[in-house]
Amino acid sequence: DQLADPGVGIVGGVEFLWNDANPPQDRSNVAEAPMRIDARDGYSFRTDEPMASQDVSALDGNNMLMSKQVADALGGFDDHFFMYYEDADLCARALALGYRIRFCTEMHVWHRRSLSSDCIPYRRQYLAQRNHLVFVARHFPTATWRRTVRKLAWQYLLFGVTGREAGLRRWRTVPPTDSTRRRAHLASGLWGLSHRSYLEAKRQQLATSGQRSDSYVLRLQSH
């Protein structure tokens with residue numbers, strides 16, 4: 001029992017795809033490893049690369065266990081996120097409090113993906129990008145977080161203006177996005193550039209609670 005170790009705060013396991021072709025309990029389908037966070041820009045991503053049980057920096061919210069004591073210490077998920085990055089934020093806060101995040105290969109979950117989010121494509125894209133900016137503001141180092149948020153906000157705005165998800169040097173080489181994604185890029189970019197005070201307040205909120213550490217990115221680089 002991984003949670004029997006008082007140093008372990010959150011445990012997650014292997015995620016299997018669940019759809020018409022991949023029923024529950026089928027372990028032959030696509031399996032994904034824990035969420036990973038890019039140490040440079042804070043993007044979250046998943047891979048299907050095999051991983052042994054080990055300490056990690058983040059877990060997907062559809063697949064995590066914690067004790068009531070840990071949940072109470074963290075205060076649960078931050079409601080502002082609603083969806084996307086709320087799980088990465090929770091794990092980062094747990095790390096700041098000194099807990100370990102543990103990936104366990106013996107723990108399995110079957111996940112029917114995107115049943116709700118496919119119905120709201122604009123809101124899904126907008127929240128994923130807006131929350132990305134909030135996450136970086138809350139957990140990236142004091143010396144770099146403002147610069148990183150500003151860069152990312154301008155990048156999202158550029159994606160919306162050009163209709164291509166690439167920088168100016170290679171935007172002609174990638175296919176255009178649909179109008180929904182383009183509007184979401186514009187909205188999240190403008191939000192990031194116009195909500196500096198809000199982002200400052202969200203960061204200070206964590207500092208006051210002790211749930212933020214300037215060493216978070218160094219931890220990401222070590223995993």
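A disulfide is a pair of cysteine sulfur atoms within 2.5 Å, and by this rule the count in the structure comes to zero disulfides. The model is a predicted one, and this briefing takes up its cysteines and then the packing of helix α4 against helix α5.

**Cysteines**

- The sulfur of cysteine 91 has its closest cysteine sulfur in cysteine 104, at 15 Å, and because a disulfide requires the two sulfur atoms to lie within 2.5 Å, this separation is too far for a bond.
- Seen from the other side, the closest cysteine sulfur to that of cysteine 104 belongs to cysteine 91, again at 15 Å and too far for a bond.
- Cysteine 91 is buried, its relative accessible area being 0%, and cysteine 104 is also buried, with a relative accessible area of 9%.

**Geometry of α4 and α5**

- Helix α4 spans residues 145-162 and helix α5 spans residues 179-194, and their axes come within 7 Å of each other while crossing at roughly 150°.
- Since angles over 145 degrees count as roughly antiparallel, α4 and α5 are therefore roughly antiparallel to each other.
- The crossing that α4 and α5 make is left-handed.

**Contact between α4 and α5**

- On the α4 side, the contact is made by Arg150, Ala153, Trp154, Tyr156, Leu157, Phe159, Gly160, Val161 and Thr162.
- These α4 residues meet Arg182, His185, Leu186, Ser188, Gly189, Leu190, Gly192 and Leu193 in α5.
- By residue class, the contact of α4 with α5 divides into nine nonpolar, six polar and two charged residues.

Terms used: Residues are numbered from 1 along each chain as its sequence is written. This is a predicted model: local features need pLDDT of at least 70, side-chain atom pairs count only at pLDDT 80 or more; totals for chains, interfaces and linings use all residues. Side-chain values use heavy atoms; hydrogens and water are left out. Axes are lines fitted to C-alpha atoms, for helices over the stretch in contact, and angles run from 0 to 180 degrees between N-to-C directions. Helices (H or I, at least four residues) and strands (E, at least two) are DSSP runs, numbered from the N terminus. Angles under 35 degrees count as roughly parallel, over 145 as roughly antiparallel, 65 to 115 as roughly perpendicular and the rest as oblique. A crossing is left-handed if the near helix is turned anticlockwise from the far one by less than a right angle, and right-handed if clockwise. Contact means heavy atoms within 4.5 Å. Ala, Val, Leu, Ile, Met, Phe, Trp, Tyr, Cys and Pro count as nonpolar, Asp, Glu, Lys and Arg as charged, and the others, Gly among them, as polar. Buried means under 20% relative accessible area, exposed over 50%, partly exposed in between (1.4 Å probe, protein chains only).
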